[in-house]
Amino acid sequence: MKALEGVRVLDMTHVQSGPTCTQLLAWFGADVIKVERPGSGDATRGQLRDIPDVDSLYFTMLNHNKRSITLNTKAEKGKEIFIKLIESCDVLAENFAPGALDRMGFSWERIQEINPRIIYASVKGFGPGPYQDCKVYENVAQCTGGEASTTGFDDGPPTVTGAQIADSGTGLNMALGIVTALFQRETTGRGQRVECAMQDGVLNLCRVKLRDQQRLAHGPLTEYPQYPHGKFGEATPRAGNASGGGQPGWVVKCKGWDTDPDSYIYVIAQAASFDQLARIIGHEDWLEDPEWNTPKARLPKLDQMFDEIEKWTMTRTKFEIMEILNPLNVPCGPVLSMKELAEEPSLRETGTVVEVDHPTRGKYLTVGNPIKLSDSATTVTRSPLLGEHTDEILREILGLGDDQIESVRNEGAV
Ligand SMILES: CC(C)(COP(=O)(O)OP(=O)(O)OC[C@H]1O[C@@H](n2cnc3c(N)ncnc32)[C@H](O)[C@@H]1OP(=O)(O)O)[C@@H](O)C(=O)NCCC(=O)NCCS
């Protein structure tokens with residue numbers, strides 16, 4: 001038995017943020033019914049296509065383990081079917097533009113009226129406030145949630161990150177909100193509204209930068225590369241590759257860096273294992289030198305320290321350094337390329353990277369469930385074709401016969 005077996009999700013999500021959430025719920029065993037517009041479906045089916053007329057990897061990698069029904073929720077007959085689906089589902093998840101579901105005639109009040117036990121979860125770009133009506137994509141939320149102003153180098157522009165912290169990050173938040181609401185329903189018997197704003201999700205992940213904003217009032221941020229020679233302004237500056245925690249860290253070059261753009265390693269020069277690090281890089285002299293042998297003495301010259309570390313790391317590959325530094329308790333991490341991650345056998349074994357077979361695409365790789373439950377293992381199955389399960393769902397959940405299905409199809413509702 002899977003953890004969420006018996007939970008049925010009416011999945012009105014599209015693009016990335018919402019689908020990440022419902023894909024997780026499906027991996028935990030929920031029956032996720034993806035409602036898509038007849039004809040086109042989720043726009044991502046056709047976006048960034050690598051093979052003509054085949055669902056894109058963008059779509060397939062976000063919609064595993066779901067069923068797909070096409071339904072025009074703006075047509076009268078489509079609305080009737082939609083109401084029946086709301087009646088029979090535990091969760092309604094959506095991430096349309098603000099107000100889109102209300103415009104279809106389905107406000108939270110109306111949804112509750114149809115099914116008081118339903119959990120209605122939505123992702124929007126912003127919570128209530130000046131921007132509440134705006135449409136939002138990943139990088140808009142990264143910029144408005146504090147990520148961009150704090151990422152990049154001091155002398156460069158604000159920089160977005162390739163990790164989809166706003167979309168996939170907010171999807172994670174919504175999944176947690178939904179299972180929490182399902183848990184509370186066990187006691188109250190009532191559903192509730194779950195709202196997740198992408199700006200909030202990004203700011204939550206930038207928590208340490210708001211910490212630093214407040215520390216600024218009490219003096220310079222000594223672990224930032226701007227210290228002691230650069231200038232601090234009024235807001236948390238961009239910190240390059242400096243560590244967000246209390247231990248100094250930086251990305252340094254490794255052997256092969258001149259030809260391989262990913263020949264780098266992150267090294268953390270934590271106080272607890274500084275002696276071992278100094279010895280291995282050939283700086284035994286630092287151990288007795290008051291200019292170097294305390295964290296406080298090193299702080300104003302972290303750039304110099306990492307230059308010295310780099311002289312040593314440039315003589316070894318990133319994997320050799322991993323082998324040498326870890327037994328010395330020096331935390332470090334090679335910069336792994338997507339190619340290296342795709343080929344890493346241990347990630348295949350744990351199901352974090354999975355090969356999936358698709359009827360029109362063939363085999364492709366995806367990221368599996370990053371959350372492992374000992375009593376509810378995840379099996380990743382391919383994403384549905386557009387409307388693949390329309391008849392099945394109309395038969396099974398609405399109890400329609402062949403003639404009735406034919407009739408709603410002729411009306412253009414599905
Ligand atoms: C992502 C986003 C910018 C996309 O905007 P968009 O492509 O213009 O899509 P919308 O959400 O506005 O939906 C377009 C229309 O399709 C309609 N539609 C969607 N599914 C439908 C269906 N099954 N039947 C009938 N109409 C449907 C919607 O009702 C909407 O109509 P309206 O404009 O008349 O209200 C927007 O949905 C958004 O801001 N979402 C919230 C934030 C978010 O999740 N962003 C991250 C995406 S990864």
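Let us start in a loop: proline 228 sits between helix H9 (207–215) and strand S7 (249–253). The peptide bond that leads into this proline from tyrosine 227 is cis, with omega near 5 degrees. Keep in mind as you look around that this is a predicted model.

Now step back to the whole chain. It contains 17 helices and eleven strands, and its C-alpha trace spans about 85 × 45 × 40 Å along the principal axes. Of its 414 residues, 36% count as buried. Among contacts with a separation of 6 or more, 66% join residues 24 or more positions apart. The domain assignment gives domain 1 (8–204 + 344–410) and domain 2 (248–330). Taken over C-alpha atoms, the centres of domain 1 and domain 2 are separated by 44 Å.

The ligand is a good place to go next. Around the ligand there are 24 residues, and those that come nearest are Val15, Gln16, Asn95, Ala97 and Lys135. Two or more residues of this shell are given by each of helix H1 (17–27), helix H4 (100–103) and strand S5 (119–124). Sorted by class, the shell has eleven nonpolar, seven polar and six charged residues.

One of those nearest residues, valine 15, deserves a second look. Valine 15 lies in the loop between S1 and H1, and its phi is near 60 degrees, a positive value in a residue other than glycine. Is valine 15 buried or exposed? Valine 15 counts as buried because it has 20 C-beta neighbours inside 10 Å, and 20 is the number at which a residue qualifies as buried.

Leucine 48 also has a positive phi, of about 55 degrees, although it is not a glycine. Leucine 48 is found in the loop between S2 and helix H2 (57–60). Its surroundings contain 9 C-beta neighbours inside 10 Å, so leucine 48 counts as exposed.

From the loop that holds valine 15, move to helix H1, where you will find proline 19. Proline 19 is buried, since 30 other C-beta atoms lie within 10 Å. Leaving aside neighbours within four places in sequence, the contacts of proline 19 are Thr13, His14, Leu62 and Asn63. Proline 19 and glutamine 184 are 165 residues apart in sequence, and 23 Å lie between them in space, C-alpha to C-alpha.

Isoleucine 69, in strand S3 (residues 66–70), gives us another pair to follow. This isoleucine and isoleucine 393 are 324 residues apart in sequence, yet their C-alpha atoms are 7.2 Å apart in space. Ile393 is also among the contacts of isoleucine 69. Beyond neighbours within four places in sequence, the other residues in contact with isoleucine 69 are Ile33, Val35, Gly387, His389, Thr390 and Val414. Isoleucine 69 is buried, because 25 other C-beta atoms lie within 10 Å.

Helix H3 (residues 76–88) lets us check some helix geometry. At 1.5 Å a residue, its 13 residues should span 18 Å, and the end C-alpha atoms are 19 Å apart, which agrees. The buried residues in H3 are Gly78, Ile81, Phe82 and Leu85. Seen down the axis of H3, these buried residues fall within an arc of 105 degrees, so they line one face of the helix. The general rule behind such a pattern is that an α-helix has 3.6 residues a turn, so residues three or four places apart point the same way. What covers the buried residues of H3? The cover includes strand S1 (8–12), strand S2 (31–36) and helix H17 (402–410).

Our last stop is helix H13 (residues 318–325), where Lys318, Ile321 and Leu325 are buried. Why do they share a side of H13? They cover an arc of only 55 degrees around the axis, which puts them on the same side of the helix. The buried residues of H13 pack against strand S8 (264–268), helix H12 (302–313) and strand S9 (332–334).

Notes:
Residues are numbered from 1 along each chain as its sequence is written. This is a predicted model: local features need pLDDT of at least 70, side-chain atom pairs count only at pLDDT 80 or more; totals for chains, interfaces and linings use all residues. A residue is near a molecule or strand if its C-beta atom, placed from the backbone, lies within 6 Å of it. Helices (H or I, at least four residues) and strands (E, at least two) are DSSP runs, numbered from the N terminus. Ala, Val, Leu, Ile, Met, Phe, Trp, Tyr, Cys and Pro count as nonpolar, Asp, Glu, Lys and Arg as charged, and the others, Gly among them, as polar. Domain bounds come from an automatic or database domain assignment. A residue is buried if 20 or more other C-beta atoms lie within 10 Å of its own, exposed if 12 or fewer, and partly exposed in between; C-beta atoms are placed from the backbone. The arc is that of the directions from the helix axis to the C-beta atoms. Two residues are in contact if their C-beta atoms, placed from the backbone, lie within 7 Å. The expected span of a helix is 1.5 Å times one less than its number of residues.
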